[in-house]
Amino acid sequence: MPPDPSPPDPDRYLLRGLLICGTCGEPMRPAATATGARTYVCPTSACTWPAVPAADVEQLARARYTARHEATATRTPRDRRRDALVDALTAITVGVSWINLHYTWRD
Ligand SMILES: [Zn+2]
C-alpha cells in the first residue's frame with residue numbers, strides 16, 4: 001500500500017464495500033479531500049466518476065434503510081449500523097449522479 005497523507009478511518013465509512021460505482025461496477029473506497037471532508041471514490045484509475053460526499057450519501061442510505069426496516073433500525077446501536085446494512089443490502093449502486101442510488105436488497 002502506498003502511504004496516504006491523510007488515511008481515512010475505515011470505521012467511519014458506513015457504506016464501505018456496499019457503495020458501487022455506477023460506471024465500472026467497482027466498490028467505491030473511503031477517501032478524504034485535501035480539507036478532510038470524507039468521500040467515496042472509484043478505485044479504477046481510468047474511471048472518471050466524481051467523488052461521492054460520504055456524509056450525504058450515508059444519510060440517504062440510512063433514511064432508505066430505516067424506512068424499509070424501521071423496527072430493526074430503531075434498536076440497532078450506532079456501532080452495529082454497518083452490519084445491519086450489510087444484512088439487508090448487497091449493494092448500493094450510484095446512478096447518473098450520486099443522489100440517484102439503486103438499492104439491491106437481500107429480501
Ligand atoms: Zn468507476
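Let's start with proline 50. Its place is in the loop between β3 and β4. Is proline 50 buried or exposed? Proline 50 has 12 C-beta neighbours inside 10 Å, so it counts as exposed. One long-range pair is worth noting here. Cysteine 21 and proline 50 sit 29 residues apart in sequence, and their C-alpha atoms are 9.7 Å apart in space.

A word on confidence. This is a predicted model. Mean pLDDT for the chain is 90, and 90% of the residues reach 70 or more. Helix α2, residues 70–75, has the lowest confidence, at a mean of 92. The highest is in β1, at 97.

Now the overall layout. The chain has 3 helices and 6 strands. In sequence order the pattern reads β-β-β-β-α-α-α-β-β. There are 107 residues in the chain, and buried residues make up 25% of them. Take the contacts with a separation of 6 or more: 40% of them are between residues 24 or more positions apart.

On to the sheets. I'll take the one beside our proline loop first.

Which strands form it, and in what order? The order is β2-β3-β4, 3 strands in an open sheet with antiparallel pairing. β2, residues 29–32, and β4, residues 52–53, are at the edges. Each has a single partner strand, so one side of each is left without a neighbour in the sheet. Strand β3 covers residues 38–41, and 2 bridges join it to β4. One specific partner: threonine 39 is bridged to proline 53 in β4.

Next, the other sheet. It is also open, with 3 strands, in the order β1-β5-β6. The pairing here is mixed. β1 and β6 take the edges, each with a single partner, so each has one side without a neighbour in the sheet.

Where does the mix come from? β1 and β5 pair in the parallel sense, over 2 bridges. β5 and β6, the latter at residues 101–105, run antiparallel, joined by 5 bridges. As a general reminder, strands of a sheet pair through backbone hydrogen bonds, either parallel or antiparallel.

Here are the residue pairs, for anyone clicking along. On the parallel side, isoleucine 20 stands opposite threonine 93 in β5. On the antiparallel side, alanine 91 faces threonine 104 in β6. Isoleucine 92 is opposite tyrosine 103. Valine 94 has leucine 101 as its bridge partner. The link between β5 and β6 is a hairpin, through 6 residues.

Now helix α1. It has 15 residues. From its first C-alpha to its last it reaches 21 Å, close to the 21 Å expected at 1.5 Å a residue.

Which residues of α1 are buried? They are Ala54, Val57, Glu58, Ala61 and Tyr65. These residues cover an arc of only 100 degrees around the axis, which puts them on the same side of α1. The general rule: an α-helix has 3.6 residues a turn, so residues three or four places apart point the same way. The face of α1 turned away from the buried side carries the exposed residues Ala55, Gln59, Ala63 and Ala67.

That brings us to the core. The largest nonpolar core has 22 residues. Inside it, the residues with the most contacts are Leu15, Leu19, Tyr40, Val52, Val57 and Ile92. Which elements each supply at least two residues? β1 at 19–20, α1 at 54–68 and β5 at 89–94. The largest share comes from α1, with 4 residues. In general, nonpolar side chains tend to be buried together in soluble globular proteins.

Let me zoom in on valine 52, one of those core residues with the most contacts. What does valine 52 touch, leaving aside its neighbours within four places in sequence? Its contacts are Leu19, Met28, Thr39, Tyr40, Val57, Val94 and Trp98. Several of these names have come up already. Val57 is among the buried residues of α1. Thr39 is the partner of proline 53. Val94 is bridged to leucine 101.

To wrap up. Two sheets: β2-β3-β4, antiparallel, and β1-β5-β6, mixed. One core of 22 residues, the largest nonpolar one, with α1 giving the largest share.

Key:
Residues are numbered from 1 along each chain as its sequence is written. This is a predicted model: local features need pLDDT of at least 70, side-chain atom pairs count only at pLDDT 80 or more; totals for chains, interfaces and linings use all residues. A nonpolar core is a set of buried Ala, Val, Leu, Ile, Met, Phe, Trp, Tyr and Cys residues joined through C-beta atoms within 7 Å. A residue is buried if 20 or more other C-beta atoms lie within 10 Å of its own, exposed if 12 or fewer, and partly exposed in between; C-beta atoms are placed from the backbone. Two residues are in contact if their C-beta atoms, placed from the backbone, lie within 7 Å. pLDDT is the predictor's confidence in each residue, from 0 to 100. Two strands pair if DSSP finds at least two bridges between them. The expected span of a helix is 1.5 Å times one less than its number of residues. The arc is that of the directions from the helix axis to the C-beta atoms.
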